[in-house]
Amino acid sequence: MTRRSQTFAAATGMGVLVLVALGGCVDEKIVYRDGPNYASPPQAAASFVGYSDEANKVTVCGNCHVGQQAKWKQTAHADAFATLEKSGSMQGLCQACHTVNDRGNALSDTLAGWRTTKDKRYHDVQCESCHGAGLAHIQQPTRGQMLPSIAADTGTKATNGCAECHSGTHHPYVDEWRQTRHARVYSGTFSSGVANPACQSCHMGQKILEAWGVNTNFVEKAATITPANAVGTTCAVCHDPHGSNNPKQLRFPIDVPDLDQNLCMKCHYRRANPDFTSSRLSPHSPQGPMLLGEAGWWPPGLQADSTLVATHGTSRNPKLCATCHVNRFDVTDKATGKFVQTVTGHRFTAIPCVDGNGLPLPPDKQNCSVTARSYKSCAGSGCHSETTARTVFVTAEADIAGLAAGLNAMLAKVPASEMAVPKVNSARGATFNVALALHPGSAAHNPFLAKALLRASIVAVANDYGITPPPGLQLAPFDKQLRARSSN
C-alpha cells in the first residue's frame with residue numbers, strides 16, 4: 001500500500017469513528033446559546049433601554065456592570081416607583097422623578113423613556129437617569145461614553161443633575177445646598193489661577209473625591225483643574241450615587257466619633273491645634289476635634305477627662321454633627337395651618353434666622369441676634385426644649401466671651417518678643433486658645449473644653465509672666481495652680 005493510500009485509509013477510519021461518536025450523542029443538552037439579552041427599546045424612548053428584568057431589578061446596564069448594579073439595588077432609587085405608588089401621590093409631575101427619562105442627565109428638553117412610552121421597563125431611578133441613554137454604548141462600547149456629571153446643576157435653576165428632581169417645596173435639597181459655601185469653590189483654592197494643593201482636598205469636589213480614594217470617572221474629572229472646571233462640595237461628594245453601606249448613600253458614616261471616618265470630620269478638623277512654626281495662631285475648621293474634646297493648646301495641669309467632651313460628642317448624640325446641622329422638618333403657615341415647605345437641613349445651619357413661620361431666611365438675612373435664632377434642631381434631638389437650648393447657648397457664649405476678654409487683657413502685657421516664631425510658650429498657646437474658643441460654634445460644639453482651655457491658659461500666662469488675672473474671673477479648678485504673688 002502506498003503512503004498516500006495509507007493516509008487516506010486512516011482519515012476515512014477516523015471519520016467513521018467521529019460519525020459513530022456523534023450518532024451516540026442523543027441526549028445532548030444546549031447549555032448556552034448566544035442571543036439578545038434585552039428587548040430593543042421603543043423608538044419613542046429616545047435610546048433609553050431601562051430594565052431587562054423589571055421584576056428582579058436587573059437593568060440592561062447591570063448585565064455587564066454587575067458591581068454597580070448590586071450596590072444600586074440596595075438604594076431608595078431602585079424602589080422609587082413603588083415608593084411613589086405607596087405615597088398616594090401618583091401623578092404625572094411626580095412620575096417624572098421616579099422613572100427613567102431625560103431628567104437627571106445631559107438630555108434636555110426632550111421627552112424620553114417613561115415620559116413617552118409609559119413602559120414599566122423605565123420604572124425607578126436607574127443607571128441611565130444619571131448617565132443618559134445607553135443604547136449607543138451597548139451597540140458600540142468605548143471608554144468615556146455616558147459619563148455622568150457631579151455638578152448638582154448647571155446654573156441657578158434646576159437644569160441638570162441631581163437638581164432636576166431633588167428640588168422644590170417638598171424636597172429642596174439642592175435649593176438649600178445652593179445657598180451654602182459647599183456650593184462654591186473657595187477662592188483660596190487657586191492662587192493666580194493655579195490650584196493650591198493645601199486647600200483642594202476639602203474645597204474642590206474633584207480633589208475631595210481623589211483624596212478619599214474615589215476613582216469613579218465623571219465629566220468634570222480632568223488632569224488639570226482650573227477655576228473654570230472646578231466644582232464645589234456637590235451632592236455626589238458626600239453621597240455615592242451607586243449606593244453604599246451607610247444610610248442615605250453617604251460615602252462615610254456620620255455616627256462614628258473618628259476624625260478619619262466621620263463624613264463631616266474628614267474636612268472639619270483642620271488646624272484644631274496650634275502650629276508653633278507658623279505665625280498664624282488661629283484655627284481653620286476645628287469643629288470635629290472640638291466636639292470630641294481633642295482641640296486646642298493644653299496648658300500644664302489640663303488633663304484629658306470625660307468632662308472635656310460635651311454631650312454633643314458622645315453616644316448620647318449618635319448622629320454627632322448631623323443632629324443639629326442636617327435637621328429635617330416641615331414648616332406650616334401659622335395663620336392657616338397649611339403646608340409651606342419642607343426643610344431638609346441642607347443649609348447646614350444649626351440655629352438659623354427664620355421668618356414668622358419658622359422658615360430659614362436667605363443667607364443675606366442671617367444677621368439676627370443669637371436670642372432671635374431658631375433652636376428647633378436642638379429640640380429635635382430630644383435632649384432640650386428650644387427655650388432651654390437657647391438659654392444654655394447664650395450663657396455659654398457669655399462665659400466664654402468673659403474669659404477670652406480677660407485672657408486677651410493679660411496677653412496684651414506679654415512682651416512682643418514672646419510672640420516670635422517659632423517660640424513654644426504659654427503666650428502663643430493662649431493666643432490660639434482664645435481664637436479657638438471664639439470660633440463660630442465652639443460654644444455649642446464643646447463649651448466645657450473651651451472654658452477649660454481659657455481658664456488653664458489664664459493660669460499659665462499668670463505663672464509664666466507674672467501677670468495678675470483680672471478680678472472676677474472664675475478660674476476653678478485651675479486657680480489652685482496660681483503661684484503666690486508678692487504684694488510689691
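This is a short exchange on the disulfides and salt bridges of a predicted model.

Author: Residues are numbered from 1 along each chain as its sequence is written, and side-chain values use heavy atoms, with hydrogens and water left out. In this predicted model, local features need pLDDT of at least 70 and side-chain atom pairs count only at pLDDT 80 or more, while totals for chains, interfaces and linings use all residues.

Reader: What makes C97 and C165 a disulfide?

Author: A disulfide is a pair of cysteine sulfur atoms within 2.5 Å. The sulfur atoms of C97 and C165 are 2.2 Å apart, so the pair meets that limit. The angle about the S-S bond is -95°, and the link is left-handed.

Reader: Which parts of the chain does the pair of C97 and C165 tie together?

Author: C97 lies in the loop between helix 4 (92-95) and helix 5 (114-117), and C165 in the loop between helix 7 (135-139) and helix 8 (173-177), so the link ties together parts that are 68 residues apart in sequence. Helices (H or I, at least four residues) and strands (E, at least two) are DSSP runs, numbered from the N terminus.

Reader: Why is C165 called buried?

Author: Buried means under 20% relative accessible area, exposed over 50%, and partly exposed in between (1.4 Å probe, protein chains only). C165 has 19% relative accessibility, so C165 counts as buried. C97, at 18%, is buried as well.

Reader: How many disulfides does a search of the whole structure find?

Author: The search finds 3 disulfides. Another of them joins C202 to C267, with 2.2 Å from S to S. C202 is in helix 9 (residues 197-203) and C267 in the loop between helix 11 (235-238) and helix 12 (287-292), 65 residues apart. A disulfide also joins C353 to C368, S to S 2.0 Å.

Reader: Are C353 and C368 buried or partly exposed, and what makes them so?

Author: C353 has a relative accessible area of 1%, so C353 is buried. C368 has 25%, so C368 is partly exposed.

Reader: Why is C235 not bonded to C162?

Author: The sulfur of C235 is 4.0 Å from that of C162, the closest cysteine sulfur, so the distance is too far for a bond.

Reader: What makes D124 and K57 a salt bridge?

Author: A salt bridge is a side-chain nitrogen of Lys or Arg within 4 Å of a carboxyl oxygen of Asp or Glu. The side chains of D124 and K57 meet at 2.7 Å, N to O, so the pair fits the rule. D124 lies in the loop between helix 5 and helix 6 (127-131) and K57 in the loop between strand 1 (51-53) and strand 2 (58-59), so the bridge ties together parts that are 67 residues apart in sequence. Both D124 and K57 are buried.

Reader: How many salt bridges does this rule give?

Author: The count comes to 10 salt bridges. One of them is that of K207 and E210, at 3.2 Å, N to O.

Reader: What separates K207 and E210 in helix 10?

Author: They are 3 residues apart in helix 10 (residues 205-211), so about one helical turn separates them.

Reader: Why is E210 called exposed?

Author: E210 has 53% relative accessibility, so E210 counts as exposed. K207, with a relative accessible area of 19%, is buried.
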